[in-house]
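Dear colleague,

Please find below the structure I am handing over to you. The findings follow it, arranged by topic.

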Amino acid sequence: RFHHTSTSHWCSCSKTISDEKYQDPFQLGKKDLKNLYEDIKKELLVSAAEFKEMCDYYFDGKGKAFRPMIVVLMARACNIHHNNSKEVQASQRSVAIIAEMIHTASLVHDDVIDDANSRRGKRTLNQIWGERKAVLAGDFILSAASVALARIGNTTIISVLTQVIEDLVRGEFLQLGSKENENERFAHYLEKTFKKTASLIANSCKAVSILGCPDPKVHEIAYQYGKNVGIAFQLIDDVLDFTSCADHLGKPTAADLKLGLATGPVLFACRQFPEMNAMIMRRFSKPGDVERARKYVLQSDGVQQTTYLAQRYCHAATREIRKLRPSPEREALVHLTEMVLMRDK
C-alpha cells in the first residue's frame, strides 16, 4: 500500500534534468511524425466513400499521437545507444504508424462495446454510422495495420506486435469479469490495465529496439519502459475520470462507474468504505450506486493513492530508460514520465 508518501520524493526525477538537457518529447519527435496521419490514410486506401469517411474520422491529424511519439523517441534512443545512429529507420517508423492504427481500431471497438457517445471531444463512430458499420471500420483499420506489419518482413516483429492484438482482446474479456477477493481484485485490475493499454506501448517499444539494436538487454529496457509508462498513463486516466470535467476530458466523467467498472480510485476507496464492496460486485447497477460510489471516492484518498501508484510506475520507467546511453531522446523519454503524471486530459 502506498500510504502517506511524500509527493516530492516521487517527482525528484525532474530535478535531474538540467535546463540544457530539457527536451520536449513532442518537439523532438515532430520531425519523425511529420505526415503521420497522411501516411496512415495511404494504408487505408478504400474506394467506398462512406467507409473512407469513417476511417478518416479519427485520423484527422488533431490527435496528440502520444503512442507514435514514444515509439520514434525509443527508436532513436536505442539506435544511438547501439551505434550512435541518429536516424529512425523506415521500418521503425512503420511500427509507430501500426501502433497508432491498432490503438485507433481498439478505440472504435471499445466505443461500440461501451455504447459510448463521445471520444476526443466529438461524437463516436457508432453514434454517427451505427454499431455494425463502426465494428467493420475497426476491423478494417486492424486489417490494414496487419498488412503494413507484414510488409516490414520480420517474423520477430510480427510476433511481438500481434501479441498486442491478443492482449487487447484478453484485456476486454478481463474487464467483463470481476473478483470478490480484495487482493485478487487489484491484481485483476492491473492485469486488465496492462493488456488494454500498456501492452501496445511496451511491445511497440520492444519492436523498434529489436530493429535498431541486437542486444536483448536493450529490448527488455524498451519493453519495461513502455509497460511502466503505459500502466501509469491508464492510472492517471482513471484518476481524471473523477477529477476532470467532461468538456476538458473530451468524454463524459464517471464513465467507468456507469459501465460498472471498479478502477484504481474505487478499489483504494473501498479499503476506507467497505460498504462499496456490494456496489462493486453488482457493478454499480442499482439506482444511485454511481453517485454514491463517486462521493465515496472523493471523500477517500483513492485518487491520491492511485496517483502515488502511477508515480511508482513512472519512477520504474525512468530507472529503466536511464540504463541507455545518454541522448536527447533518452532525456525526452524521462521527461515524458513527468508529463504523464501532470496531464489533465
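**Helix α9 and its surroundings**

The buried residues of α9 pack against three helices: α6 (90-114), α8 (131-152) and α10 (182-212). Please bear in mind throughout that this is a predicted model.

Helix α9 itself runs over residues 155-176. At 1.5 Å a residue, its 22 residues should span 32 Å, and the end C-alpha atoms are indeed 32 Å apart, so the expected and modelled lengths agree. The buried residues of α9 are I157, V160, L161, V164, D167, L168, G171, E172, L174 and Q175. These buried residues cover an arc of only 160° around the axis, and therefore sit on the same side of α9. Facing away from that buried side are the exposed residues T155, F173 and L176.

The N-terminal end of α9 is capped by N154, which places a side-chain oxygen 2.9 Å from the backbone nitrogen of T156.

**Helix α8**

Helix α8 is one of the partners of α9 named above. Its 22 residues should span 32 Å at 1.5 Å a residue, and the distance of 32 Å between its end C-alpha atoms agrees with this. Buried in α8 are A134, A137, G138, I141, A144, A145, A148, L149 and I152. Seen down the helix axis, the buried residues of α8 fall within an arc of 145°, so they line one face of the helix. On the other side of α8, the residues R132, L136 and R151 are exposed.

The cover over the buried residues of α8 includes α3 (36-43), α4 (49-58), α6, α7 (125-129) and α9. Just after α8 comes G153, which takes a positive phi of about 75°.

**Helix α3**

Helix α3, which helps to cover α8, has buried residues of its own: L36, Y37, D39 and I40. They cover an arc of only 155° around the axis, which places them on the same side of α3. The helices against which the buried residues of α3 pack are α2 (25-33), α5 (66-83) and α6.

**Cavities and a pocket**

How many cavities of 30 Å³ or more does a search of the whole structure find? The search finds 2. The largest cavity has a volume of about 180 Å³. Its lining is made up of 17 residues, and those nearest its centre are G177, S178, H188, L261 and A262. Helices α9 and α10 each supply at least two residues of this lining, and the largest share, 4 residues, comes from α10.

The second largest pocket holds about 290 Å³ of space. It is lined by 14 residues, of which H109, I113, L168, V169 and E172 lie nearest its centre. Here α6 and α9 each supply at least two lining residues. L168 and E172 also appear among the buried residues of α9.

**Two buried residues**

Two individual residues may be useful as points of reference when you inspect the model.

The first is T124, located in the loop between β2 (122-123) and α7. With a relative accessible area of 0%, T124 falls under the 20% limit and is therefore buried. A polar atom of the T124 side chain lies 2.8 Å from the backbone oxygen of A116. Not counting residues up to four places away in sequence, T124 touches Y58, D111, A116, N117, S118 and R119.

The second is R185, found in helix α10. R185 has a relative accessible area of 7%, which is also under 20%, so R185 too is buried. Its side chain is joined to that of N277 by a polar contact of 2.8 Å. Leaving aside neighbours within four places in sequence, R185 is in contact with K179, E180, L267, C270, N277, I280 and M281. As a further reference distance, R185 and T253 are 68 residues apart in sequence and 23 Å apart in space, taken from C-alpha to C-alpha.

**Where to begin**

I would suggest starting from α9, whose buried residues pack against α6, α8 and α10. From there you may turn to the largest cavity, to whose lining α9 and α10 each contribute at least two residues, and then to the second largest pocket, where α6 and α9 each do so.

With kind regards

Technical notes: Residues are numbered from 1 along each chain as its sequence is written. This is a predicted model: local features need pLDDT of at least 70, side-chain atom pairs count only at pLDDT 80 or more; totals for chains, interfaces and linings use all residues. Side-chain values use heavy atoms; hydrogens and water are left out. The expected span of a helix is 1.5 Å times one less than its number of residues. Buried means under 20% relative accessible area, exposed over 50%, partly exposed in between (1.4 Å probe, protein chains only). The arc is that of the directions from the helix axis to the C-beta atoms. Contact means heavy atoms within 4.5 Å. A polar contact is a pair of N or O atoms within 3.5 Å; within protein, one must be able to donate a hydrogen and the other to accept it, and residues adjacent in sequence count only if both atoms are side-chain atoms. On a 1 Å grid over the protein atoms alone, a cavity is a set of points where a 1.4 Å probe fits but cannot get out, and a pocket is an open set with protein on both sides within 12 Å along at least five of seven lines; lining residues have an atom within 4 Å of a point. Grid points are joined across faces, edges and corners, and a volume is the space filled by probe spheres set on the points.
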